[in-house]
Amino acid sequence: MIKKIMTLGAVVSALTFGSQGVFASDIKQTQSQTLQLNQGQSKVQVKNQIQDDAFYWFHLSRLDSIASSGTFTIDSKTSVKVVAFTGSVNPGTPAFIDAKVTIVTPYGDNFHMSLYGNQYKEGYFVLEPGTYYLKCTNYAGRPIFMNVNLYKN
């Protein structure tokens, strides 16, 4: 009986880690490559910029509810493009994704961008000089991943 339980545990572990490894290898960031985020039956295709062009990024391999980034500073009034994409952590059991990226400002006027489903989204904001941070919120009942890049526009 114990041998059967140990074998079952090993099989479940192998399947769990194996499927995550395959999924992680599907995401690559290059200048002219199209990303395909495979989530069960659905796919999201996005044209991606080089991550090196981003002046700030916050990549979460697993977001259960809320996560905040470190701070970043804007020295002068700057137009910013926010690029975010989300997907289910476990492609075998995709989550209905309902998430939000917030740029938290020192002035109390926060900027929000909502994401639904496996989505790539761009938002444009003008930031005044100050220190900011990102807050990512997952309203879904299952964990998701979220990548957020900030570019000077």
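## A bridge between two strands

Which residue in β7 is the bridge partner of A99? In this predicted model, the residue that bridges to A99 is L115, which belongs to β7. Strand β6, which covers residues 98-104, and strand β7 are paired in the antiparallel sense, and 6 bridges join them.

## The open sheet

The pairing of β6 with β7 is part of an open sheet of 4 strands, whose order is β4-β9-β6-β7 and whose pairing is antiparallel. At the edges of this sheet stand β4 and β7, the latter made of residues 111-116, and because each has a single partner strand, one side of each is left without a neighbour in the sheet. When direction is ignored, neighbouring strands of this sheet are turned against each other by 15° on average.

## Aromatic pairs

A pair of aromatic rings is described by the distance of the centres and the angle of the planes. In this model the count of aromatic pairs comes to 5. For F72 and Y132, the ring centres are 5.8 Å apart and the planes stand at 20°, so the pair is stacked, given that planes under 30 degrees apart count as such. The pair links distant parts of the chain, since F72 lies in strand β4 (residues 66-74) and Y132 in strand β9 (residues 130-138), 60 residues apart. F72 and Y132 are both buried, and ring pairs join these two residues with F55 and Y56 into a cluster.

Another pair is formed by F85 and F145, whose ring centres lie 6.3 Å apart with their planes at 75°, so this pair is edge-to-face, the angle being over 60 degrees. F85 belongs to strand β5 (residues 78-88) and F145 to strand β10 (residues 144-152), so the pair ties together parts of the chain that are 60 residues apart in sequence. Buried means under 20% relative accessible area, so F85 counts as buried at 1% relative accessibility, and F145 likewise counts as buried at 5%.

## Charges over rings

Lysine side chains also meet aromatic rings in this model. The charged end of K152 sits over the ring of F55, at 5.6 Å from the centre of that ring, and F55 is one of the residues that ring pairs link into the cluster with Y56, F72 and Y132. K81, in turn, lies over the face of Y151, and its distance from the ring centre is 5.6 Å.

Methods
Residues are numbered from 1 along each chain as its sequence is written. This is a predicted model: local features need pLDDT of at least 70, side-chain atom pairs count only at pLDDT 80 or more; totals for chains, interfaces and linings use all residues. Side-chain values use heavy atoms; hydrogens and water are left out. Rings of Phe, Tyr and Trp (its six-membered ring) pair if their centres lie within 6.5 Å; planes under 30 degrees apart count as stacked, over 60 as edge-to-face and the rest as tilted. Buried means under 20% relative accessible area, exposed over 50%, partly exposed in between (1.4 Å probe, protein chains only). A charge sits over a ring if NZ of Lys or CZ of Arg is within 6 Å of the ring centre and within 35 degrees of the ring normal. Two strands pair if DSSP finds at least two bridges between them. Axes are lines fitted to C-alpha atoms, for helices over the stretch in contact, and angles run from 0 to 180 degrees between N-to-C directions.
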